[in-house]
Amino acid sequence: MTVPGGIENDRLLELFFAQSMDGFFFMMLDDPVEWSDNASKNETLDYVFEHQRLTKVNTAILSQFNAATPEDILGKTPAEFFAHDLANAKTRWREFFDRGHMHTETDERRLDGTPMRIEGDYMVIYDDRGRIAGHFGIQRDVTDRHLSTEQLEASRQQLRALASRLQKVREEERTQIAREIHDELGQALTGLKLDIAWMKNRLPRDHGVMDQCASIIDRIDQTLNAVRRIATALRPSVLDQLGLAAALEWQGQEFRARTGIDVVMELSVDGGELSDDLGSSAFRILQESLTNVARHAHATRVTIRLEQTPTLLTLEVSDNGLGCTSGCIEAKGSLGLLGMRERALACGGEFTIVGQANRGTTVRLSVPIPAGAVR
């Protein structure tokens, strides 16, 4: 016997509806409603939330809501489904009716009150007069995926907070060690040098120890230079004493002297002294940027730009070297770039790096300055 095509199609659609792994449903209004700029949309939504009812569901919907039978869920209204968050539900519903379709994720409740996360696609159904008669929906329970994503994001935030704290502790330790080296060891060496000089001045000119005293004084001077160099590498005193702009200028001069690369300074400061955290982060980002230039860029010129206003700090380091391409920017092993990004995020800023082959690289830090970040 030949089955008419329409009947066969209806049977296949019903089979697809019933056996789909996704939740399928129809939610229809007791009476269609007008939805236009001439209608009172708030009043219409109030009516919809009380009079739009679940009229047809498949077994996947029953499973999502922990319903034993279709009768447990059929006839329920949006006001019942979203009793836990009516205001946001009506906002979404308004956008849905305006657009006629929607893909969204929502926080919903099962029949026993337990929360679930639903991802769904929905389509408004209109009658022959263009009024809204209801809607059709396909939705999936993504609670486990959503929880995993939230846990992953929470872990990421915790790791970021830990990294920020470790950076801060490390900076504090470097500052303390630098001061102790400079003050205590430096003072001890200076005192020792004065003692040797005193002894030398009291020895006869032809005494055999004179040359030894001069040699000891030379070695003490060399050690003092090493102490100053180590203390400065740990924490430049100019950063604490004169501020970020002076520290950047000092670092630029030191970089020029060490590498022979020309350094152009463009500093514009209109604001108070920055907090230690923000000043340290910007200075360390500059140091790492210059280190990358010296190691990889093959540049002949570097431009350091600092612009500080009462509300925004912008630092740019540009070179005319080989250019950092997208490959080196995205390289997983680039811990220096990762460290700069984390420093920027830790102080509430944005970090970008842009490079063009044979046209150089620009590293940019932009940080909004909150009221408490200026002393």
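This is a friendly dialogue about reading helix packing, sheets and buried residues in a predicted model.

Trainee: Let's start with helices. What describes two packed helices?

Mentor: Two packed helices are described by the distance between their axes and the angle between those axes. Here, take helix α2 (residues 41–51) and helix α5 (residues 86–99): their axes come within 11 Å and cross at roughly 110°. Angles of 65 to 115 degrees count as roughly perpendicular, and α2 and α5 are therefore roughly perpendicular to each other.

Trainee: Which residues of α2 and α5 make the contact?

Mentor: From α2 come Lys41, Asn42, Leu45, Asp46, Val48 and Phe49, while α5 supplies Leu86, Ala89, Lys90, Trp93, Arg94, Phe97 and Asp98. Sorted by class, this contact has seven nonpolar, five charged and one polar residue.

Trainee: Now the sheets. In what order do the strands β1 to β5 stand in their open sheet?

Mentor: The order is β2-β1-β5-β4-β3, and the pairing is antiparallel. To read such an order, look at its ends: β2 (52–57) and β3 (101–109) are the edge strands, each with a single partner, so one side of each has no neighbour in the sheet. On average, neighbouring strands are turned by 30° against each other, direction ignored.

Trainee: How many bridges join β4 to β5?

Mentor: Nine bridges join strand β4 (residues 115–126) to strand β5 (residues 132–141), and the two run antiparallel. To follow the register, pick one pair: the bridge partner of Ile118 is Asp141 in β5.

Trainee: Where do α2 and α5 lie relative to this sheet?

Mentor: Helix α2 lies across β1 (23–33) and β2, running at about 125° to β1. Helix α5 lies across β1, β2, β3, β4 and β5, and its direction makes about 160° with β3.

Trainee: What is the strand order in the open sheet that holds β6 to β10?

Mentor: That open sheet of five strands reads β6-β7-β8-β10-β9, and its pairing is mixed. At its edges stand β6 (262–269) and β9 (350–356), each pairing on one side only. The twist from one strand to the next averages 10°.

Trainee: Which helix packs on this sheet and touches β6, β7 and β8?

Mentor: Helix α9 (residues 244–259) does so, touching β6, β7 (301–308) and β8, with a direction at about 175° to that of β6. Helix α12 (residues 335–346) lies across β9 and β10, at about 145° to β9.

Trainee: How do β8 and β10 pair, parallel or antiparallel?

Mentor: Strand β8 (residues 312–319) and strand β10 (residues 360–368) pair in the antiparallel sense over seven bridges. For a reference point, find Ser318, which stands opposite Thr362 in β10.

Trainee: Let's finish with single residues. Is Leu290 buried or exposed?

Mentor: A residue counts as buried under 20% relative accessible area. Leu290 lies in helix α10 (residues 276–297), and its 2% relative accessibility makes it buried. Leaving aside neighbours within four places in sequence, Leu290 is in contact with Gln251, Phe255, Val302, Ile304 and Val317.

Trainee: And where is Asn58 found?

Mentor: Asn58 is in the loop between β2 and α3 (59–64). Asn58 is also buried, with a relative accessible area of 3%. Its side chain reaches the backbone nitrogen of Ile61 at 3.2 Å. Beyond the neighbours within four places in sequence, the contacts of Asn58 are Phe17, Ala18, Ser20, Asp22, Gly23 and Phe24.

How values were computed. Residues numbered from 1 in each chain as written. Predicted model: local features only at pLDDT ≥ 70, side-chain atom pairs only at ≥ 80, totals over all residues. Heavy atoms only, no water. Axes fitted to C-alpha atoms, helices over the stretch in contact; angles between N-to-C directions. Helix = DSSP H or I, 4+ residues; strand = E, 2+ residues; numbered from the N terminus. Parallel < 35°, antiparallel > 145°, perpendicular 65-115°, else oblique. Contact = heavy atoms within 4.5 Å. Nonpolar A, V, L, I, M, F, W, Y, C, P; charged D, E, K, R; others polar. Pairing = 2+ DSSP bridges. Buried < 20%, exposed > 50% of the residue type's maximum accessible area, 1.4 Å probe, protein only. Polar contact = N/O pair within 3.5 Å; in protein donor to acceptor, adjacent residues only side chain to side chain.
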